[in-house]
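Trainee: Got a minute to go through this model with me? I'd like to talk about side chains and then the sheet.
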Amino acid sequence: MSWFPTFLAPLPALAAAAVALPALMLLYFLKLRRREQEVASTLLWKKSIQDLQVNAPFQKLRKNLLLLLQLLLLLLLLLALSRPVSQYTAGAGKSTVILIDRSASMSAREEGQTRLELAKQKARELVDTMDRDATAMVVAFDEEPRTVQTFTSDRAALRRAIDSIGSTDRRTRLKLAYQLAEAQVAFIPEQNRTNIDPPEVWVFSDGRVADADQLQIRAPVKLVRIGNEQTRNIAIVALSARRNYDRPVEVQVFARLANFGPEPVRAQVQLSYAPIDPEDPQRQAFAVARVAEVSLPPARWTEQDRKDAQNRRFVPRDSVEFTLELPTAAVIRVEQMNRQDDALPADDAAAVVVQAPRVLSVLLVSEGNPWLEHFLAIRGGKEPMVIPPDQYDPAAHGDHDVTIFDRHSPAKLPPAGNFMYFGGVGPNLKVTAERSGGQPVLLEDQTVLDWRQDHPILRHLKLGRLFVATSLKLNVPEDSLTLVEGTKGPLLVLHREGRQTHLICAFDLLQSNWPLRLSFPPFLEQSLQFLALGADLTLREGLPTGASVTIPRANLARAPGGEPRSVLLIGPSGSRRLEVPATGDFALPPLDRAGIYRTEPAIPQFERLAVNLLDEAESNLQPVDEVPGGSGELMGAAQQKRRIELWWWIVACVAIPLTLLEWWVYTRRVHL
C-alpha cells in the first residue's frame, strides 16, 4: 500500500478550511462586555478598572483543552472532506489459478513490447505477492488451454513457467481454460487436502474471447486487462479465390479489410502470387500482380459517425477484387501495405493455395432426378454424363472424377475413385445399411441434430431446418466420419477405404426438403470439389490458425521418391521433422502460426499450406470494458492497482471518538 495518499477533492476542503478554522479561532479570541458598577470603596473602584481592562473586545489566547480538541476535530473533518485515497496492489490469495492469454491479439506490440510480455510481467508481479504457504498454478490458453505449471508454492518454478509461455496466432476461448482450472483446484496434492474455499482465478488478457456467452465458473475471477484502447491495426478479415468455370485458367480473388484503430485510414492492398512448379516444388518466389487502395473507417464508429464522415466526403471502401491468369497451381497472397503504427503483423497478409485448373468430370447414375440434373447442369464446367443404373459398367465408367449414385447401390466399383450416394450404399464397404428380412431398415421423420460446421463439405452451411421423411439406418464404423447426425441416426457419412472415397447420404433427395433449401447447391459444389481434389487445402479460404491437416495415404504414395518415412514441415516459425506412421493417414500437428507452410518431400496437393488468421474478433485490439461472462472483477491494465478511500476510516475511527472525548471534557467543566 502507498504511504502517500492522494486527495480526490482538495479544493473544496481548502475552501472549507479557509472559513471554518478562522471562525473557530475567533470564538476564542472574542470576550463578552460586562456592565460597569459604581461602588463606594476605593478598592472596589480599583477592581472595576481591572474589569474594564478584561472587558476589551479581544483577549490573549490561553491554553484550552476544548480548543485543542475542537481544532483537531475540525481538521479531521476537513481532511475527510478532501477525500484522501490510497493505492494498493491486489495480491494473490491462498490458492490462485493464473490464466495467461497467448492468442493472436496478445502478439500486438505496444510501447516497445507485446501484450503477452506485459501480461507475463504482471503475472510475475502477482507471484511476488504470494505468502509462504500460498500455492498457484499457471495455465496458458488460446483456443485450448495448456497447464504450464501445476499447483506449487515454489515461486521460482512459477516464474519459470510464466517465462516459458510463447505466443500463437490462434483465436481466444476461455471456456476450456475455466473448466481446466476448476478440475485442477478440486485437490492440491502438495498440501494433501481438499480446498474448502474456491481459489482466485486471475486472467491476464485483453478480454477478447469468442465464447463469452458460454463462460461459467464458481471461483472468483479477476481480469487484468492488457492493452491500449488507441492501438492501431488494419486487418485482412476475409479472403477467397476461385477459378472461373468457363475459363479455368482465370482466378478471381476477393479480399475484405477492416480498420480497428481510432481514426480512418487509407491503405494499399497488394496481390502477389508464387507458382508451384512440379519440377521444383520447393521453389517459392512471389511476384506482384496487382495493387489497389482501400479507405477504411474505424470499426468502432457508430452509425452517426459514419454519416458525419460521409458528409465530409469520406467514401468508405473496405474490399478489393482482382482477376488473375494462372495456368498452374500457385499460392496467392494479399497484403495490406500500411504497416506504420500497425500493431499486429499476423493479420496484415492472407494467402490461399489454388490448385491447377481442372474441369471436373461427373457421372450421374440415376433413373431420373430433376433436382440433381438441374444443379449439376447450372454449376458450370463440363456437362455431366447421365446414365441409368442398368448401364453402369465399372470398367467403362471408372475414369470420372466423381460418380454420383442416385437411389442405387452398385454391385461393383472400380478399385479407385470418388463416389457419392443418395439413398444407397456402395458394395462391400465397412459402412452398411442395416437390413431386416432382406429389406433395408428405414428411419422415418428425421431432423438434423448436429453437423460438422468446420468440415470443408459443410463449411458455411445452415442445416438446422433440414427434414427427411425416410432414410436408411446406417452402421458406421469408428474410422468413418459422420458429417450430419440426425435425431434417429447418421444422415451423411464420409468414408475412406483403400483408394476409394465415399460420401454416403442416407436418404433420397426426393424424400426430403433439402433441394428446396439454399444450402443444397453449395453443398453439392463443395462435395464435388472435396471428392475430386481431395483435402482441406482445396478450400478457397485457406486454413484457419490452429488447424490440423490430415494427409491421405494415397497422397503420401505419390510423393517424389515414393512414400516417405518422415516429412519435414517448414513454416513461419521454423521447421519440424515428423515421423510418418506405418499405416493410416498422416496427421500434421496444429498449425499455430499464420503464413505459408510447405512439406519436404513435396506431397502432391500438400506442397503448400496457407494458414490465415481472418478473425475480426481477434484483430480487434480494443480491450474489453467488462469481464467476459459478466461475472468477475476488472483490474487495471497498466498498474493492476486498487483504490481504497480513507475518509470513512477518518470519520469512524478518529473523528467520532474525538467528538465523544470533547463532549466528556465539556461536561466535566460544566459540572466542576
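Mentor: Sure, let's start in helix 4 (residues 115-128), which holds both lysine 122 and glutamate 125, 3 residues apart or about one turn of the helix. Helices here are DSSP runs of H or I with at least four residues, strands are E runs of at least two, and both are numbered from the N terminus.

Mentor: One caution: this is a predicted model, so local features need pLDDT of at least 70, side-chain atom pairs count only at pLDDT 80 or more, and totals for chains, interfaces and linings use all residues. Residues are numbered from 1 along each chain as its sequence is written, and side-chain values use heavy atoms, with hydrogens and water left out.

Trainee: What do the side chains of lysine 122 and glutamate 125 do?
Mentor: They meet in a salt bridge, 3.6 Å from N to O. That term takes a side-chain nitrogen of Lys or Arg within 4 Å of a carboxyl oxygen of Asp or Glu.

Trainee: Is lysine 122 buried or exposed?
Mentor: Buried, at 5% relative accessible area, while glutamate 125 is partly exposed at 34%. Buried means under 20%, exposed over 50%, partly exposed in between (1.4 Å probe, protein chains only).

Trainee: How many salt bridges are there by this rule?
Mentor: The count comes to 25. Among the residues involved, Glu143, Arg170, Arg173 and Asp592 are linked in a network.

Trainee: Switching to the sheet: what's the strand order?
Mentor: It's an open, mixed sheet of 9 strands, ordered 20-19-21-22-31-30-29-26-27. Strands pair if DSSP finds at least two bridges between them.

Trainee: Which strands stand at the edges?
Mentor: Strand 20 (385-387) and strand 27 (467-472); each has a single partner strand, so one side of each lacks a neighbour in the sheet.
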